[in-house]
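Biologist: I'm new to this one. Could you show it to me and then let me fire off some questions?

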Amino acid sequence: MRAYGKINVGLWIKGKRADGYHEIKTLFLPIGLYDEIEVIKAPAFSMEGPNYGEKDLMAAAHRYLEGRFGPLPVKIRIEKNIPAGAGLAGGTADGALVLKAVRDIYRLPVTDEELIHGSAVLGADFPYCLYGKAAVGEGIGDVLHPVCTPSYPALLLNPGFAVSTKEAYAMARPGDTKGSLKETVDLLQKGRLEGLKETVANDLYSGVRLMHSEIDEMIADLYEAGAAFAHMSGSGPTVYGLFKKIEERDAAYAILRKKYKIAIKTETAGEEHGTTGNSHQG
């Protein structure tokens, strides 16, 4: 089974809630990069492959269901392709897939809609990762409004280290950035990628770039290599470049893979998540 990552095209912070979460507006776009996960019934719970102990979101998802329904022993095997702590929701996507897989294996009386609404207690990105299609996210990212966008060739660059989402939000200055989510969606739908430079903002960007100057360099390199638009995804440090043609994306990849250890060819998915095969990583 495949757990797909995402990028955020824009992220506007509207305020902080009493529970510590931030109210945001963002555009979630699924991408063709995915982790491979196998979940099967087993005598006891176990995991094979990279995991992060008690903080692993696959284990957290499993505990969440066992808390509701009692023992549900499974064996989980994962092959990671999505970089960890990269602003691509890789860990959350893995956890969301485990929720659905365990639900299906044990035929639990929980609908997809119930999982989407209930999973926010596990993390703000869980509802989107369960939904898995292009959507505007509001609230803490759990209030989703579907949108239709074309699929675009994309190139991801990652500097090889993780950024703490908590630290990124702590350094954010809500309202410092401008831009318009409505105009962003409109431009993407019309294929006017260059116009995104005037409409897309990420309120986490200014703080993260102060800690990691590599982010500015990666964005500049994507533009120099021919990207129509480039920015940081979520809390970073991954940056993405969007291209109008596959050939342009591939030419940029051929250049940038020589400089960056983690350069990933992928694509944003259209309405039906029309991705085929995993993305290629340099």
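Biologist: On the other side of helix α6 from its buried residues, which residues are exposed?

Modeller: Keep in mind that this is a predicted model. Helix α6 covers residues 181-190 and has L181, T184, V185, L187 and L188 buried. Those buried residues fall within an arc of 165 degrees seen down the axis, so they line one face of the helix. On the other side, the exposed ones are K182 and K190.

Biologist: And what do the buried residues of α6 pack against?

Modeller: The buried set includes L181 and V185. A residue counts as packed here when heavy atoms come within 4.5 Å. The partners are β1 (2-16), β2, β5, α7 (196-199) and β9 (239-242).

Biologist: You mentioned β5. Which residue of β5 is the bridge partner of L27?

Modeller: Strand β2, residues 22-41, pairs with strand β5, residues 135-138, in the antiparallel sense. That pairing runs over 3 bridges. The β5 residue bridged to L27 is V136.

Biologist: What about the next strand: which residue in β6 is the bridge partner of G137?

Modeller: β5 is also joined to strand β6, residues 143-146, and the two run antiparallel with 4 bridges. Between the strands of this hairpin sit 4 residues, and G139 takes a positive phi near 65 degrees. As for G137, its partner in β6 is L144.

Biologist: Let's go to L155. Is it buried or exposed?

Modeller: L155 lies in strand β7, residues 153-158. Leaving out residues up to four places away in sequence, L155 touches a list of residues, among them L222, Y240, F243, Y253 and I264. Its relative accessible area is 0%, and the cut-off is under 20%, so L155 is buried.

Biologist: What separation do the C-alpha atoms of L155 and A263 have?

Modeller: Along the chain, L155 and A263 are 108 residues apart. In space, their C-alpha atoms are separated by 7.0 Å.

Biologist: Now charges. How many salt bridges does the structure hold, and which residues does the R17 network join?

Modeller: Side chains of opposite charge can pair when their charged atoms come close. The structure holds 16 salt bridges. R17 forms one with D19, with the closest N and O atoms 2.5 Å apart. R17 is partly exposed at 30% relative accessibility, and D19 is partly exposed at 46%.

Modeller: For the network, what matters is salt bridges that share partners. They join R17, D19 and E23.

Biologist: Which residue does K75 meet in a salt bridge?

Modeller: K75 is in strand β4, residues 74-79, and its partner, 27 residues apart, is in strand β3, residues 46-48. K75 is partly exposed, with a relative accessible area of 30%. The N to O distance is 3.0 Å, and the partner is E48.

Biologist: Then there's K259 and D221. Which of those two counts as buried?

Modeller: Their side chains meet in a salt bridge of 2.8 Å, N to O. K259 lies in the loop between α10 (246-256) and β10 (262-267), while D221 is in helix α9 (residues 214-224), so the pair ties together parts that are 38 residues apart in sequence. K259 counts as partly exposed at 45% relative accessibility. At 13%, the buried one is D221.

Biologist: Any odd backbone spots? Which peptide bond is cis, with omega near 5 degrees?

Modeller: Most residues other than glycine have a negative phi, and most peptide bonds are trans. P237 lies in the loop between β8 (229-232) and β9. The cis bond is the one from G236 to P237.

Biologist: And A89 and R107 have positive phi although neither is a glycine. Which of the two counts as exposed?

Modeller: A89 has a phi of about 60 degrees and lies in the loop between β4 and α2 (90-105). With a relative accessible area of 10%, A89 is buried. R107 has a phi of about 50 degrees and lies in the loop between α2 and α3 (112-118). At 76% relative accessibility, the exposed one is R107.

Biologist: Last one: which residues make the nonpolar surface patch of about 260 Å²?

Modeller: One member is found in helix α8, residues 205-211, namely M211. M211 counts as partly exposed, at 33% relative accessibility. The patch is made by M171, L210 and M211.

Key. Residues numbered from 1 in each chain as written. Predicted model: local features only at pLDDT ≥ 70, side-chain atom pairs only at ≥ 80, totals over all residues. Heavy atoms only, no water. Pairing = 2+ DSSP bridges. Patch = residues over 30% accessible without salt bridge, like charges linked within 9 Å, V, L, I, M, F, W, Y side chains within 5 Å. Areas by Shrake-Rupley, 256 points an atom, 1.4 Å probe, with all protein chains shown as cover. Salt bridge = Lys/Arg side-chain N within 4 Å of Asp/Glu carboxyl O. Buried < 20%, exposed > 50% of the residue type's maximum accessible area, 1.4 Å probe, protein only. Arc of directions from axis to C-beta.
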